[in-house]
Amino acid sequence: MTSVRSITSRDNPLLARVRRLAQDGNAYRRVGQVWLEGDHLCAALRARGRPAAQALVAVSAWEQGGALRDLAGWAQAVAVVDDALFAAASGLESPAKIGFLIDAPAGGAVLPDAHGVVLDRVQDAGNVGSILRSAAALGATQVLALKGTASLWSPKVLRAGMGAHFALNLVEGLDDAALDALAVPLVATLPHAGATLREAALPPRCAWVLGHEGQGVSAALQSRCTLAVRIPQPGGEESLNVAAAAAICLYESAARGPR
């Protein structure tokens with residue numbers, strides 16, 4: 001049965017931990033927990049059957065009952081927090097009135113045969129979250145983040161991912177050498193590759209390699225790729241950002257047939 005308690009002090013240790021996690025994108029590595037703020041992320045966790053150690057709910061939402069109170073019951077414990085204190089701890093301009101604390105994922109293993117994505121120093125959190133969202137929607141099952149990529153479980157990436165985290169095998173902080181574990185070919189997106197995406201003979205499963213927003217895919221990583229393709233841009237500008245490129249490539253893979 002879920003235990004319920006009230007928090008009325010700003011100095012409460014649980015609330016202090018949430019503030020730290022909400023405001024520092026790398027704090028989850030040190031604290032060992034991840035803060036999921038908002039009903040969408042919390043519901044996505046529940047839909048995947050993943051456990052939540054702790055729910056925090058604003059008093060107004062708890063007293064109103066209904067969907068948010070029911071959602072809070074998924075967690076092992078519930079803390080009902082004064083609305084002003086919840087807002088002060090929130091990482092959002094408009095606090096969502098509910099959040100879950102979950103255990104930070106342990107360092108996962110690379111799945112050799114998974115169709116997925118390799119992120120090479122993609123630094124913008126919004127881009128990273130959008131790529132995860134496209135990957136989950138378009139049939140990829142794994143995202144591997146090399147060192148220099150935005151922290152996958154940071155609040156900004158979580159918000160942009162919209163729950164995609166819970167549908168993917170995510171491994172971060174990798175060196176290039178970790179990609180030796182992959183049995184699927186690496187396919188790079190390069191602006192001056194000879195073959196276009198539509199013309200290329202894509203493998204049934206692959207790992208799409210997406211590079212740094214300014215520098216692109218590193219030369220060392222390009223040398224590991226079996227294939228490089230470009231996305232034609234008839235408008236005359238190389239204006240696609242990395243998240244848009246990822247969505248296009250993943251869609252093309254999905255359109256070619258089942259993985």
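Author: Helices (H or I, at least four residues) and strands (E, at least two) are DSSP runs, numbered from the N terminus. Strand S2 (33-37) and helix H8 (155-161) each supply at least two residues of the largest cavity's lining. The model is predicted, so local features need pLDDT of at least 70 and side-chain atom pairs pLDDT 80 or more, while totals for chains, interfaces and linings use all residues. Residues are numbered from 1 along each chain as its sequence is written, and side-chain values use heavy atoms, without hydrogens or water.

Reader: What makes a space a cavity and not a pocket?

Author: On a 1 Å grid over the protein atoms alone, a cavity is a set of points where a 1.4 Å probe fits but cannot get out; a pocket is an open set with protein on both sides within 12 Å along at least five of seven lines. A search of the whole structure finds two cavities of 30 Å³ or more. The largest has a volume (space filled by probe spheres on grid points joined across faces, edges and corners) of about 60 Å³. The second largest has about 40 Å³.

Reader: What makes a residue part of the lining?

Author: An atom within 4 Å of a point. Trp35 passes for the largest cavity. Trp35 also lines the second largest cavity. S2 and H8 each give at least two residues to that second lining.

Reader: Why is Gly91 in the lining of the largest cavity called polar?

Author: Ala, Val, Leu, Ile, Met, Phe, Trp, Tyr, Cys and Pro count as nonpolar, Asp, Glu, Lys and Arg as charged, and the others, Gly among them, as polar. The lining of the largest cavity has seven nonpolar, one polar and two charged residues. Glu37 and Arg159 are in that lining, so both count as charged.

Reader: What volume does the largest pocket have?

Author: About 530 Å³. It has 21 lining residues, and Thr189, Leu190, Pro191, Gln233 and Leu240 are the closest to its centre. The lining divides into ten nonpolar, eight polar and three charged.

Reader: Why are helices H7 and H10 called roughly parallel?

Author: Their angle is about 10 degrees, with axes 8 Å apart. Axes are lines fitted to C-alpha atoms over the stretch in contact, and angles run from 0 to 180 degrees between N-to-C directions. Under 35 degrees counts as roughly parallel, so H7 is roughly parallel to H10.

Reader: Which residues make the contact?

Author: Contact means heavy atoms within 4.5 Å. Among them are Ile131 and Ala135 of H7, and Val242 and Leu250 of H10. The contact divides into seven nonpolar, three polar and no charged residues.

How values were computed:
Parallel < 35°, antiparallel > 145°, perpendicular 65-115°, else oblique.
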